Amino acid sequence: MVTRDATHLSGGLPADGGDSGSAVEPQFRQGRLGGAVAFLRNTWRQLTSMRTALVLLFLLALASLPGALLPQWSLNTSKTAQYILDHGSWGLLLNRLGFFEVFGSPWYAAIYLLLFTSLVGCLLPRTWDFVGQIRMKPVNTPRNLARLPHHASVRSVGSPDEVADRITTGLRGWRLEHRVESSGALTISAEKGFLREVGNLVFHFSLLGLLVAIAVGKLFGFEGSLIVNAGDGSSSGFCSVSPVVYDNFRPGLLVDGTDLRPFCVDIDSFKASYTAAGQASSFVSAIRYQAGAQLNTDTWSSTNLEVNDPLRIQGQRLYLLGHGYSPVFTVTYPGGKTQTGTAPFQPQDANFTSQGTVKFTDPPGYVGEQVRAHQLAIVGLFAPSALIHGGIMTSTFPAAETPGVAIQVYRGDLGMETGKAQSIFDIDTDQVANGKLLKLNRANLAPGESMKLDDGTKITFTGYKEWVSLQTSYDPAQGWALVFAVSLLVGLMSSLIIKRRRVWFRIGIADSGARTAEPAAEPARPEGDSRVSGVARTVANEDHVVVEVGGLARTDQAGYGDEFSKLVALIGASEPR
Amino acid sequence: MTVNDQLGNVSYLGFQAALAGYIAALVCFGIEFASSRGSIPTAAEAVSLQLRAASRGRTDVIDRKISAAGEDDSRIGQIVQPQRTARPPMGTLFGRAGLIVVTIGFGAQVFSIVTRGIAAGRAPWGNMYEFTSMICAAAVAGFLIVFYRTRSHSLGFFVMIPIVILMFVGGTKLYVQVESLVPALHSYWLLIHVLAVSLSTGVLMVAGVASVMYLLRSRYERRLLAEQAWAVEPGHQLVAADNADGEFAGQASGATTSRLASLPSLAALDRVAYRATIVAFPVYTFAVIAGAMWAEVAWGRYWGWDPKETCAFVSWVFYAAYLHARATAGWRGTRAAWISVLGFVSVLFNLFVINIVVSGLHSYAGLN
């Protein structure tokens, strides 16, 4: 490499601050202004300095790490709770410090708010400077062009004006300024590559925009998820009219759920396909939906909901996120009355061995205290392809080929009215412990098979349904987030690829007496101009001009050398005769 | 989608051939590197050293051409005297051989990736094995380009170390037969997102290695400087007998005979790391954005601080810090190189630890 990077030189050359953000801080003299103002001003300068920004960037990375390494409340509540239990007082302390909710914690917010304040404090003056630079004419030609990292001296034929015209036409796209020096030499100053700084500013402003878009999404968006049995008539759908229709509703900070844009969905069917090895190959759910005016006319649209292909309705999105099985049981009470119940079971492994509980809380034919004495709970496992081995039922394939259940029946007070929250997949074991809930028979059943309880109640495993878990998401600002992400990328690329560079030409009449005057003048010149000095040794004529060229790349990028040679070639060096 | 197991086996043969080629290249480059012990410091090194002496504490570096003979135009060429032609030819031969086998290995790997894609009937980067293979291919391609531009042999040795390790782990622990993908991966975003991630990771690997070399080199130069300072102290006139004007008399000392003497100059290493980073960083940024767009389609939100997303963000912040540090006085050089290394460590951490150890939405990547 023949050339030097201007910004790598610690001083001397007229390089600008470049990417360094803030210049060296000038000494602030105390006394004239109050101490408080001085303190504030110094603090602001410290904050907006690049060094502080770098430290804050590191803090941001460091503070994010627990978010990746520790379980987070927002991602997995049960795992987080278990982690805290397992780690005793440490778990509690970390929880209090916000380590399980890193991205909502005050210290995380403090870091990124400081970082963005520092960014704004750095961006505003830079934008201002840049506006000034655009309005400024290219700077005067330096007196000694030989001191620039790129330099050449060329003799050429023609009058200075002709040569200047030649150069000017070649410098298309450059900002130009022609000047005449006091010595009579013509100079051309040119610069190019302003888009680098534009890209830089766009990149950083896009970061700000992205932060705002994310914040707006967190304020006005929501997510609601629920589990629905597919193809189950009226119960296999929902209407998103209020948060209560969802099993789990996560509102944005300013969302109270009163003005959801309503839409209704019916899940007609769900189909999962598997390879012979039991790997899933596709999940498709046929649904009907209505929204907007359709709600009043009761017309439905049909579509297929698939993984990776959400339904987009009026700015809201409906996702198919998961699936599983819901075994169906029919209970025939001693009086002959029957009741059918089902509940989604939670998949435990890749072959959908699922665990759950079907609760019969309202036995027919009983009133008053008797109702609570005769509630039933069927707790157990469902296996789509059941295999009983050593008394334990597991599933050998995810599709329902030979379904079976292994159940344990409880009767008594399920404790639904105690006010305690209950898992839909399990019973309240305290009720068993305090004797209000009796543990009865257990059995392994295939579809159609039934079992009898001590009081003559018959429980039949009648079949299964497939459930899907759905999620409605709404984020009013995600389009903006995408816009800012794209402008961020474009800005980043132009700020890394485009070079900011300057070139100066000084055109003077050749000194007819000088034959080999200048090659010896600069011993430390880059070797790139050795061929040029060969040209300079040709005999000078009256109509010859000497053009000195200096080039300076004001950015990190080396590689200006090639372009510089082309710029020198614009002059049209005289051929040796 | 049916898979072609036979073609998959052919593809794996290609992978093994590539691994063999890379191991051979590692050995060849290693021999070349080892044989550089005792060779004379290069011209670039002499300049680099001189500059450090002139500006202590800073690591600003420039490239400056020295006249080949290093005669009288300045004192900076003093320890140059015999040129690198003095290096034993055996090392050079091994270097050439290494370059040949690495090129053949690269060809075999491209063949392996293409046939794997045909065998599976999809983009050949759907699980950890395929992904690792892509990263290594991108890194080797990056190395070949850098080599074509800089002719730096020692980079070959250092780059091949992580590549061979990754290839070995990929071909043994992570290997799975050709298979179709789970529905979660049925998306054109797989093509875009994973391709961008693997290409940028491969190129960032070259950047990370160049930064490690930078750190080694700068430590070595610090030692060299210390010896120089020691040699010119008045108490050690015996050592510095005929170097009264402050020249370095290190010919016989340990530092100059170090293998590290054959590393490229600090400026060259810095440039390799920087260029590789500015190529890879926008691609990596694009990969993260594409990942967010995929997450919006697949998971119901474009960003949710899933462990993988968090770690990708951390890596992104490291590389952003690197680019800023390199343009900030007092942070250039060694500190910037450390940040670059940290960035690459976080990328690798994200690739392996997050996918395999930490459970998150990316955990399906082929191991369970």
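Reader: How many Å should the 23 residues of α9(B) span, and how far apart are its end C-alpha atoms?

Author: The expected span of a helix is 1.5 Å times one less than its number of residues. For α9(B) that gives 33 Å, and its end C-alpha atoms are 32 Å apart, which agrees. This is a predicted model, where local features need pLDDT of at least 70, side-chain atom pairs count only at pLDDT 80 or more, and totals for chains, interfaces and linings use all residues. Residues are numbered from 1 along each chain as its sequence is written, while chains are lettered from A and ligands numbered from 1 in the order in which they are written.

Reader: Where is the kink in α9(B) centred?

Author: A bend is the angle between axes fitted to the seven residues ending at a residue and the seven starting there. In α9(B) the kink is about 35 degrees, centred on B:Phe349.

Reader: At what angle do α8 and α9 of chain B pack?

Author: Axes are lines fitted to C-alpha atoms, for helices over the stretch in contact, with angles from 0 to 180 degrees between N-to-C directions. Here the angle is about 165 degrees, with the axes 8 Å apart. The two helices are therefore roughly antiparallel (over 145 degrees). B:Phe349 of α9(B) takes part in this contact, as does B:Phe318 of α8(B).

Reader: And at what angle does α6(B) pack against α9(B)?

Author: About 140 degrees, again with axes 8 Å apart. That makes α6(B) oblique to α9(B). Among the residues that meet are B:Gly208 in α6(B) and B:Trp338 in α9(B).

Conventions
Helices (H or I, at least four residues) and strands (E, at least two) are DSSP runs, numbered from the N terminus. Angles under 35 degrees count as roughly parallel, over 145 as roughly antiparallel, 65 to 115 as roughly perpendicular and the rest as oblique. Two residues are in contact if their C-beta atoms, placed from the backbone, lie within 7 Å.
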